[in-house]
Amino acid sequence: MEKESRTVYYVTTGKETISERKSLPVYHCDRTLPYPGGEIHIFFSTLPDGLEEEFKKKRKRKKREQLLLEAMERALELTDENVEILFSDNLCRIFNREQSVSDELYAAWLFQKLKGRTVPYFSLELPGEYGFLMREKVLFLLQPYLKRINRITFIKRRSVAEEAIVPEMGTGIMDELADYFYGEYGILSGQAEEPEVGSFYLKLSNDAQMLNFLDTTVKSGYNTKVD
């Protein structure tokens, strides 16, 4: 069966010094990120550290933004695939950018953590608000590992304000997942406010952790300048 291939263009910061008069280099990371059924190829660019101070000058900010836009356009031309564009957590704050990380990047992180590992106890925290598509997301991520899991604990953190709300949002989905896990794999499920001690903990709203994983990958791999 042919593997699915996806591409990420990632923008981060580093010690690299780039003249405002030159184009922003685009690199290809020779290390791919595998996940069950597919792999992620990474292109990236690095803006210099200290942008917060530099961007206080409107001219410099405008020039950096233009160089970044041109690099993004070049990166998109390097592949015919649908490219996922992601900024580092710090750059999202600087550029006031909102983004969400794909399920495939979560899958690649999970594959790296769980490959060849026994995971009898699993703690799973869903986002604060979620709909019916969350069931498909959870199954996409956990299906390859369910035969190795004995118990799954759903993490439901409560605030004082939430104590007065009835019913809890998404409870039906958790019940449906619990029934599926038990019916198909004999996996016991429960709920708690904190991850179970000794369990593997997956928080499905932790995009910052996924971006850190991507950042580590591009900065520790063998990278080739492509443009």
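**Figure 1. Packing of helices H4 and H7 in the predicted model.** Helix H7 comprises residues 207–220, and its axis comes within 10 Å of the axis of H4. The two axes cross at roughly 70°; H4 and H7 are therefore roughly perpendicular to each other, since angles of 65 to 115 degrees fall in that class. The crossing of this pair, H4 and H7, is left-handed. On the H4 side, the contact is made by Leu105, Tyr106, Ala108, Trp109 and Gln112. H7 contributes Asp207, Gln209, Met210, Phe213 and Leu214. By class, the residues of the contact of H4 with H7 comprise seven nonpolar, two polar and one charged.

**Figure 2. Packing of helices H4 and H5.** H4 spans residues 103–114 and H5 spans residues 133–142. Their axes are 9 Å apart and the packing angle is about 30°. That angle makes H4 roughly parallel to H5, because values under 35 degrees are classed in this way. H4 passes H5 in a right-handed crossing. The residues of H4 that make the contact are Asp103, Glu104, Tyr106, Ala107 and Leu110, and those of H5 are Lys137, Phe140, Leu141 and Leu142. The contact of H4 with H5 contains six nonpolar and three charged residues, with no polar residue. Tyr106 of H4 takes part in this contact with H5 and also in the contact with H7.

**Figure 3. The four-stranded open sheet.** The strand order is E7-E6-E5-E8, and the pairing is parallel. Strand E7 (188–192) and strand E8 (200–203) are the edge strands, each pairing on one side only. From one strand to the next, the twist averages 20°.

**Figure 4. Strands E5 and E8, with helix H4 across them.** Strand E5 covers residues 121–125 and runs parallel to E8, to which four bridges join it. Within this pair of strands, Glu125 stands opposite Lys203 in E8. H4 lies across E5 and E8 and runs at about 175° to E8. E8 has two faces: Phe200 and Leu202 belong to the covered face, whereas Tyr201 and Lys203 belong to the uncovered one. Lys203, the residue opposite Glu125, is thus shown here on the uncovered face of E8.

**Figure 5. Surroundings of Pro120.** Pro120 is found in the loop between H4 and E5. Its relative accessibility is 25%, so Pro120 counts as partly exposed, the range for this class being 20% to 50%. Leaving aside residues up to four places away in sequence, Pro120 touches Arg148, Ile149, Asn150 and Arg151. Pro120 and Ile152 are separated by 32 residues in sequence, and the C-alpha to C-alpha distance between them is 8.5 Å.

**Figure 6. Two residues of the loop between H3 and H4.** Helix H3 spans 89–94, and Asn96 is placed in the loop between H3 and H4. Although Asn96 is not a glycine, it has a positive phi of about 50°. The relative accessibility of Asn96 is 68%, so this residue counts as exposed, a class that begins over 50%. Ser102 also has its place in the loop between H3 and H4. Ser102 has a relative accessible area of 12% and is therefore buried, the limit being under 20%. Not counting residues up to four places away in sequence, Ser102 touches Arg6 and Glu84.

**Figure 7. The protein chain as a whole, for orientation of the close-up views.** The secondary structure of the protein chain comes to seven helices and nine strands. Of the 227 residues in the chain, 42% are buried. Contacts between residues at least 6 apart in sequence were also examined; among these, 81% join residues at least 24 apart.

Technical notes: Residues are numbered from 1 along each chain as its sequence is written. This is a predicted model: local features need pLDDT of at least 70, side-chain atom pairs count only at pLDDT 80 or more; totals for chains, interfaces and linings use all residues. Side-chain values use heavy atoms; hydrogens and water are left out. Axes are lines fitted to C-alpha atoms, for helices over the stretch in contact, and angles run from 0 to 180 degrees between N-to-C directions. Angles under 35 degrees count as roughly parallel, over 145 as roughly antiparallel, 65 to 115 as roughly perpendicular and the rest as oblique. A crossing is left-handed if the near helix is turned anticlockwise from the far one by less than a right angle, and right-handed if clockwise. Contact means heavy atoms within 4.5 Å. Ala, Val, Leu, Ile, Met, Phe, Trp, Tyr, Cys and Pro count as nonpolar, Asp, Glu, Lys and Arg as charged, and the others, Gly among them, as polar. Two strands pair if DSSP finds at least two bridges between them. Buried means under 20% relative accessible area, exposed over 50%, partly exposed in between (1.4 Å probe, protein chains only).
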